[in-house]
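Hi,

Here is the structure I said I would pass on. Have a look at it first, and then read my notes below.

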Amino acid sequence: MKGYGDKMKVLVVGGGGREHALIKKIKESKRVDSIACCPGNGGISYDAQCYNVSATDIDAVVNLAKEIKADFVVVAPDDPLVAGMVDALNNAGFATFGPNAAAAIIEGSKVFSKNLMLKYNIPTAEYKVFDKAEDVIEYIKEKNEFPTVIKADGLALGKGVIIPENLDEAVAGVKEIMEDKIFGASGNNVVVEEFLTGPEVSVLAFTDGKCVKPMVSSMDHKRALDGDKGLNTGGMGTVSPNPYYTDEIAAECMEKIFMPTINAMNSEGRTFKGCLYFGLMLTPKGPKVIEYNCRFGDPETQVVLPRLKTDIMDIFDAINNETLSQLDIEWSDEACACVIMASGGYPKSYPKGIEITGLENCQTSGVTVYHAGTAIKDNKLVTSGGRVLGVTALGNSLEEALDKSYSAVERIHFDGAHYRKDIGKRALAAKKI
């Protein structure tokens, strides 16, 4: 990475709301001169030079980095990380942010991550692994415990988990994953887990493979509809901080989960450098890992990064140099809320190309609209994905942040738009307990 005297050109790989949040934060860095993104999206094009190169095309991304003479490359999505994009960029001489393929397997394979936790005594749900549909069904029949959790082994756009309430739903789910292959080869193996109860917490953490610096906590809302009803999605909104994540629980997680995970990966010869996401359940028996992600979560990033005060490029530099322990990372005391505006029909099929209006009415203090699924068509901003916008606001309290966010949502319009009206409701209730 260039020194402090030289301004950098940064290339960000990806094209969703998480990438837009990263780009907005990188743009604040005193060390950055220009930002490129591939493929980007309609909203990102206002903040970075976008190139029509697929985020999963490793050779094309390496060639683009060479062509634009990038000084630093941030690989944000799971697919290219698991496929080894960081390895290829490093081999071509580029400084990068993100784990190599050997470390990214912690998200790329549920079977790997569950076996890792078992081997190194990291608390998680009890589980069994299967490669035949009939064996899964037989096991679930014998256990006869519902709800239960069934996970596809590989990557599935954040949707590879089903939670059947009865045997019929379980049989149908197993058939979809293992026989109908709705997630492709990711469903060749499945993990069946006990259903954990308790508040969920998302903790993103910076790590250089030796030191772990957790970011501020957040709470995701996965279900499509109010009251945590409807289908699982990639996330319908987030708030930060998560009131269930106390200082005492944070200390317990550092001792029993965060550092043991980093040490376990080192012991396996898979040193993890980058952002490691811990999806946690605060059970009556203590915090347990639901899942790991090998990158910034989406939409958690949209409420965590707005609270970051330290120059993000200094953090990336420290991770590359393995000097993270020497860096003091500062966070704002403000609360942050993000409400996702999604296309009608999401997470199932939905139309694209619908004009978005009203964004110019959201230029108020503390409000940022991150673009997840947008495009520019005929000089108009239109929808191009399931999750379209992440309407985010900072406030002195969670109530203020939510009020600002929902107020902005009401000023934005596209036909069929749907969003949850109860983002942050559980967090507000927890604060009053």
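**The second largest pocket**

Keep in mind that this is a predicted model. I'd begin with the second largest pocket, which has 19 lining residues; K159, V161, I162, E176 and L231 are the ones nearest its centre. The space in this pocket comes to about 530 Å³. Which elements supply at least two residues each to its lining? They are β8 (161–162), α8 (167–179) and β14 (229–232). Of the elements, α8 has the largest share, with four residues. If you sort the lining by class, you get 11 nonpolar, three polar and five charged residues.

**The sheet**

Next, the strands. There is an open sheet of five strands, in the order β3-β2-β1-β4-β5, and the pairing is parallel. β3 (49–50) and β5 (95–97) are at the edges with a single partner strand each, so each has one side without a neighbour in the sheet. If you want to look at one pairing in detail, try β4 (residues 72–75) and β5: they run parallel and are joined by three bridges. One thing to click on there is V73, whose bridge partner in β5 is T96.

**The cores**

V73 turns up again in the largest nonpolar core, where it is among the residues with the most contacts inside the core, together with L11, I106, F258 and L280. That core has 47 residues in total. Which helix gives the most to it? That would be α9 (residues 247–267), with seven residues.

L11 is worth a closer look. Leaving out residues up to four places away in sequence, L11 touches A36, C37, C38, V61, L64, A65, I68, A70, F72, V73 and V74. There is also a second core, separate from the one above, with 42 residues; I26, V74, Y277 and L308 are included in it. So V74 is both a contact of L11 and a member of that second core. As background, nonpolar side chains in soluble globular proteins tend to be buried together.

**Helix α5**

I106 sits in helix α5 (residues 101–108), where A103, A104, I106, E107 and G108 are buried. What do these buried residues pack against? Their partners are α3 (78–83), α6 (110–119), α9, β16 (274–283) and β17 (286–293).

**The cavities**

Searching the whole structure turned up two cavities of 30 Å³ or more. The largest has a volume of about 50 Å³, and I106 appears once more in its lining, along with K110, S113, K114, M117, K151, E193, I290, E291 and Y292. Two elements, α6 and β17, give two or more residues to this lining, and the largest share, four residues, is from α6. By class, the lining has five charged residues, four nonpolar and one polar.

The second largest cavity holds about 40 Å³ of space. Its lining is made up of L22, V74, V75, A76, L81, F97, G98, P99, C275, C294, R295 and F296. Here the classes come out as 10 nonpolar, one polar and one charged. You'll recognise V74 in that list, since I mentioned it with the second core.

If you'd like a route through the model, you could start at K159 and E176 in the pocket, go on to V73 and T96 in the sheet, and finish with I106 at the largest cavity.

Cheers

Terms used
Residues are numbered from 1 along each chain as its sequence is written. This is a predicted model: local features need pLDDT of at least 70, side-chain atom pairs count only at pLDDT 80 or more; totals for chains, interfaces and linings use all residues. Side-chain values use heavy atoms; hydrogens and water are left out. A nonpolar core is a set of buried Ala, Val, Leu, Ile, Met, Phe, Trp, Tyr and Cys residues joined through side-chain atoms within 4.5 Å. Buried means under 20% relative accessible area, exposed over 50%, partly exposed in between (1.4 Å probe, protein chains only). Contact means heavy atoms within 4.5 Å. On a 1 Å grid over the protein atoms alone, a cavity is a set of points where a 1.4 Å probe fits but cannot get out, and a pocket is an open set with protein on both sides within 12 Å along at least five of seven lines; lining residues have an atom within 4 Å of a point. Grid points are joined across faces, edges and corners, and a volume is the space filled by probe spheres set on the points. Ala, Val, Leu, Ile, Met, Phe, Trp, Tyr, Cys and Pro count as nonpolar, Asp, Glu, Lys and Arg as charged, and the others, Gly among them, as polar. Two strands pair if DSSP finds at least two bridges between them.
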